[in-house]
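This report walks through one protein model, from a single helix residue out to the sheet and the loops. Keep the viewer open while reading.

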Amino acid sequence: MIPRVHDMGNDTYGLLEYLYGPGKAEEHIDPHLVAAWDRLAPDPGRAPGRDPRATKRDLQRLLDQPVMALPESARPAEHVWHLSVRAAPEDPILTDEQWADIARRMVAATGIAPKGDDAACRWAAVRHADDHIHIIATVVRQDGRRARIRHDGARSQAEARKIEVDYGLRRLNTGDGTAAKRPTSAERHKAIRQGRERTPREELRETVRRAAAGVANEQEFFDRLAAAGLLIHQRVAPSGDLLGYKVALPDDRNENKEPIYYSGSTLAPDLSLPKIRERWAANASEPDRDAATEPSSGSARISPSTARRQATRAVWQAVLVLDRGDDGQIAAHLAAAGEVLDALAKTSAAHTRRELRDAAFVFEQATRSHIRAQRGHARGLRQAARDLVHGGPALGRGEDGATTAMLIDMVFFLVTAAAHWHGMKEHAQQAAAAREAAEHLRAAYQAAAPMYLGVMRERGRRLSQPLLHKQATSLRRAVPELAEQVLAEPGWYALAATLADVESAGHDPAALLAQAAARRELDTADSISDVLVWRLRRMADLSADASSTPPHTTPTRTATRRTAQRAAKGKDRSGKTR
């Protein structure tokens, strides 16, 4: 059940004309009253033999009567209140009697017509589709006082949650007012009529978010918008200072053939020009206390595989922040994580692009909450997003494809950690968005990883029995509590091959494996061995594409000792693994 309080208005008849009219896309079917303040209120949809316009005028005059009874100087400038209430797509079709009950509950909950109040506001509920109603009311009560409707949006949402329980409807998550504005029904119908997958509002939001991912300055931001094919209108002060912007799709026009523009702030709260400026201002002015490595300089071109490997490191540092950071730091990292996901979707190969695009689309709601982000704590992630964009599109094969699988695997754990954090903070919609994004990432990983893991598994099966036994011993020594589960997984052979590669590169396999397994979120993985493979290959700086790995060599004692010393340094002062 989705209630929406619309902007106040001053034209009662105009709104009735829309509610009883055909709709902007001929979508209104059989408009009629289901309930009103008075059961004898005229219904323009059920007045055979009468001019519907005259009946609408009668209903308008009755609704406006308490307003017009006031002296002109005392009348509110905007007196028309409008609430739409929509059922979820999977809900059953409700009867008129059920919608009438829902309408009465809504006007009572919002303060328009409290139960038992005979002097309350006048209102009417109109149904012109199977799945929703509109409630129109005038906010001057019949005793001449103004209705108390503060927080009507929050109160309608709270009542909707109760209605869902009482009617056995789909239970939606309570919002906190930070979500981007949903497309209107008119926008949705127009998109369907034009054969669009998404409404222009949603397409523009996605395009602007991608343009803002890792951006360094205004010029680069607007250059990216132009390169994406958007029409751009900048709002400039008399002083010449840029105040804001709005964008439009070239083929989205109104009835006068003019482009329909949306300002950044109407697309999403964090896409206004001041909010986007905060991103590059933080990058330029503050050090990144959480970054594992120095970001690459400027916008120098790097290879897609290098960009993905560096992004994997930055994402891992963000996972650690979600483990132990304060709320402001975590909020900053979640906002920047959205940029990484946008950049990854923009630059990935065709076989993963759709799922990554959908993951980024739904995760954007999880990037915002009422917890204020502490700027300057996510520079590593934003640089990673920038590097992904400047690295360019990745091929779906070789090291590009393998590092994509490695990065998707790590982003999955970051998004899963985000869902957990939002759940702990009772951010219901954000937690649900993060969980949905994780499922899209899981599907993208399943499209990206098998060919590379298959090569590693085949290499593992070809290891000699003594070497396989040696790697199993290392596994049992490093993670005794996980060893038997990992040995039973199909991915064990890929892990065995990776442990052999780790040893050939001069590391202590057991020591590095203990570090990899000590890190969080293994319980959310479909395959623990797969997760450990990617972590080990990243930590040991091995090629993600095992087909390019040279034959094994016996490590020197010096190299092994050096790896053990490196593992010892991986402990922070509190004794926790970094």
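## Helix α15 and E436

E436 has a relative accessibility of 43%, so E436 counts as partly exposed. The model is a predicted one. E436 belongs to helix α15, which covers residues 428-448. Its C-alpha lies 7.4 Å from the C-alpha of A359, although 77 residues separate E436 and A359 in sequence.

Which residues of α15 are buried? They are Q430, A431, A433, A434, A437, A438, H440, L441, A444, Y445 and A448. An α-helix has 3.6 residues a turn, so residues three or four places apart point the same way. The cover over the buried residues of α15 includes α11 (327-347), α12 (350-363) and α14 (398-424). It also includes α16 (450-461) and α21 (528-539). The length of α15 checks out: at 1.5 Å a residue, its 21 residues should span 30 Å, and the end C-alpha atoms are 30 Å apart, which agrees.

## Helix α21

Helix α21 is mostly covered, with eleven of its twelve residues buried. The buried set is I528, S529, D530, V531, L532, V533, W534, R535, L536, R537 and R538. Charged residues are on that list, among them D530, R535, R537 and R538.

The span of α21 also agrees with expectation: twelve residues at 1.5 Å each should give 16 Å, and the end C-alpha atoms are 16 Å apart. Just after α21 comes D541, with a positive phi of about 60°.

## The sheet β6-β7-β8

Three strands form an open sheet in the order β6-β7-β8, and their pairing is antiparallel. β6 (231-236) and β8 (262-263) are the edge strands; each has a single partner strand, so one side of each lacks a neighbour in the sheet. Six bridges connect β6 with β7, residues 242-248. One bridge pairs V236 with L242 of β7.

Two helices meet these strands. Helix α6 (residues 200-212) packs on the sheet and touches β7 and β8. The direction of α6 makes about 125° with that of β7. Helix α7 (residues 218-227) lies across β6 and β7. It runs at about 15° to β7.

## Aromatic contacts

How many aromatic pairs does the whole structure hold? A search finds four. One of them joins F222 and Y245 in an edge-to-face arrangement, 5.9 Å centre to centre with 80° between the planes. F222 is in helix α7 and Y245 is in strand β7, so the pair ties together parts 23 residues apart in sequence. Are F222 and Y245 buried or exposed? Both are buried. F221 joins F222 and Y245 in one aromatic cluster.

Rings also meet charges. The charged end of R57 sits over the ring of Y13, 3.7 Å from the ring centre. R198 places its charged end over the ring of F361, 3.8 Å from the centre.

## Strands β2 and β4

Strand β2 (residues 32-36) is mostly covered: five of its five residues are buried. Its pairing with strand β4 (residues 123-129) is antiparallel and runs over four bridges. H32 has R127 of β4 as its bridge partner.

## Loop residues with positive phi

Most residues other than glycine have a negative phi. Two loop residues go the other way. H151 is not a glycine, yet has a positive phi of about 60°. H151 lies in the loop between β5 (132-138) and α4 (152-167). With a relative accessibility of 55%, H151 counts as exposed.

E426 also has a positive phi, near 60°, and is a residue other than glycine. Its place is the loop between α14 and α15. Its relative accessibility is 73%, so E426 counts as exposed.

## Whole-chain figures

The protein has 22 helices and eight strands. It has 578 residues, and 54% of them count as buried. Take the contacts between residues at least 6 apart in sequence: 72% of them join residues at least 24 apart.

Notes: Residues are numbered from 1 along each chain as its sequence is written. This is a predicted model: local features need pLDDT of at least 70, side-chain atom pairs count only at pLDDT 80 or more; totals for chains, interfaces and linings use all residues. Side-chain values use heavy atoms; hydrogens and water are left out. Two strands pair if DSSP finds at least two bridges between them. Contact means heavy atoms within 4.5 Å. Axes are lines fitted to C-alpha atoms, for helices over the stretch in contact, and angles run from 0 to 180 degrees between N-to-C directions. Buried means under 20% relative accessible area, exposed over 50%, partly exposed in between (1.4 Å probe, protein chains only). Rings of Phe, Tyr and Trp (its six-membered ring) pair if their centres lie within 6.5 Å; planes under 30 degrees apart count as stacked, over 60 as edge-to-face and the rest as tilted. A charge sits over a ring if NZ of Lys or CZ of Arg is within 6 Å of the ring centre and within 35 degrees of the ring normal. The expected span of a helix is 1.5 Å times one less than its number of residues.
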